[in-house]
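This report describes selected local features of a protein model. Please read it alongside the sequence and the coordinates.

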Amino acid sequence: TLAQTALDRLGVPLDANALVRDLGIAQRQIVAICKVLTGEPRIVFMDEPTASLTQAETDGLLAIVRKMSAEGISVVFVSHRLAEVLEISERVTVLKDGALVGCYPTEGMTQKELTRLMTGTLLTQTVQNKPVQGDIVLRTTGLTRAGEFEDISIAIRRGEVLGLIGLLGAGRTELAHTLFGL
């Protein structure tokens with residue numbers, strides 16, 4: 001079938017008969033790429049394709065981008081993840097406040113220089129992790145909400161900032177709602 005041919009072309013072990021609604025985010029992106037490839041494109045635009053992927057899924061997607069490039073398909077890869085941009089591209093175009101700053105070869109470019117080009121400022125400050133000694137103001141042990149999240153144990157001290165991260169559907173919002181009694 002056409003779908004299996006596109007999957008084989010990318011070297012992706014995905015069941016061509018699977019329903020898209022049953023697939024994960026990364027697999028859905030692969031299906032979208034396969035759909036595009038059936039039209040034999042000369043150029044493919046990808047807007048933040050790795051924003052909601054794990055590192056392993058990101059590595060897989062970048063491998064697909066490399067395969068497309070090797071086949072002669074041009075790829076415009078839009079991302080805020082500078083390391084990925086530098087890893088996958090030959091040239092990078094920088095915009096600042098909606099205006100073109102310039103187009104530069106990736107070779108020799110650094111994340112620090114890209115940041116300077118995007119912001120107009122050389123960032124020399126570093127973030128230092130300092131232990132917070134205040135009293136514990138919130139503690140959970142083994143907090144679970146069936147079907148949403150499980151076994152969450154945290155202790156937050158007065159003055160501490162806790163980052164809560166995860167992919168779409170990982171339970172971040174549900175955990176936050178539970179912590180605040182919603």
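The sections below treat the basis of the values, then the helices, the hairpins and individual residues.

## Basis of the values

The model is predicted; local features need pLDDT of at least 70, side-chain atom pairs count only at pLDDT 80 or more, and totals for chains, interfaces and linings use all residues. Residues are numbered from 1 along each chain as its sequence is written, and side-chain values use heavy atoms, with hydrogens and water left out.

Helices (H or I, at least four residues) and strands (E, at least two) are DSSP runs, numbered from the N terminus.

## Helix packing

Helix α1 (residues 2-10) and helix α2 (residues 25-37) have axes that come within 9 Å and cross at roughly 105°. Axes here are lines fitted to C-alpha atoms, for helices over the stretch in contact, and angles run from 0 to 180 degrees between N-to-C directions. The crossing therefore makes α1 roughly perpendicular to α2; angles of 65 to 115 degrees receive that term, those under 35 count as roughly parallel, those over 145 as roughly antiparallel, and the rest as oblique. On the α1 side, A6, L7, R9 and L10 meet I30, I33, C34 and L37 of α2, where contact means heavy atoms within 4.5 Å. The residues of this contact of α1 with α2 divide into 7 nonpolar, no polar and 1 charged. In this classification Ala, Val, Leu, Ile, Met, Phe, Trp, Tyr, Cys and Pro count as nonpolar, Asp, Glu, Lys and Arg as charged, and the others, Gly among them, as polar.

The axes of α2 and helix α3 (residues 55-70) come within 10 Å and cross at roughly 10°, so α2 is roughly parallel to α3. A26, Q29, I30, I33 and L37 of α2 form this contact with E57, L61, I64 and M68 of α3. The residues of the contact of α2 with α3 comprise 7 nonpolar, 1 polar and 1 charged. I30, I33 and L37 of α2 thus appear in the contact with α1 and in the contact with α3.

A56 is placed in helix α3 and counts as exposed at 61% relative accessibility; buried means under 20% relative accessible area, exposed over 50%, and partly exposed in between (1.4 Å probe, protein chains only). A56 and A26 are separated by 30 residues in sequence and by 9.9 Å in space, C-alpha to C-alpha.

## The β3–β4 hairpin

Strands β3 (residues 91-96) and β4 (residues 99-105) run antiparallel and are joined by 6 bridges; two strands pair if DSSP finds at least two bridges between them. K96 has A99 in β4 as its bridge partner. The hairpin has 2 residues between the strands, and D97 takes a positive phi near 55°.

G98 is located in the loop between β3 and β4 and is exposed, with a relative accessible area of 75%. From G98 to N129 there are 31 residues in sequence and 34 Å in space, C-alpha to C-alpha.

## The β5–β6 hairpin

A second antiparallel pair is formed by β5 and β6, which 6 bridges join. Their hairpin has 3 residues between the strands, and G147 in the turn has a positive phi of about 80°. D151 lies in strand β6 (residues 149-157) and is exposed, with a relative accessible area of 55%. Phi of D151 is near 55°, a positive value in a residue other than glycine.

T140 belongs to strand β5 (residues 136-145) and is buried at a relative accessible area of 9%. Its bridge partner in β6 is I154. The side chain of T140 also reaches the backbone oxygen of I152 at 3.0 Å, a polar contact (a pair of N or O atoms within 3.5 Å; within protein, one must be able to donate a hydrogen and the other to accept it, and residues adjacent in sequence count only if both atoms are side-chain atoms). Leaving aside neighbours within four places in sequence, T140 is in contact with I152, S153, I154 and L179.

## Loop residues S79 and E48

S79 lies in the loop between β2 (74-78) and α4 (82-88) and counts as buried at 16% relative accessibility. The S79 side chain reaches the backbone nitrogen of R81 at 2.9 Å. Not counting residues up to four places away in sequence, S79 touches E48, T50, E84 and V85.

E48, one of the residues touched by S79, is placed in the loop between β1 (43-47) and α3. E48 is partly exposed, with a relative accessible area of 26%. Although not a glycine, E48 has a positive phi of about 50°.
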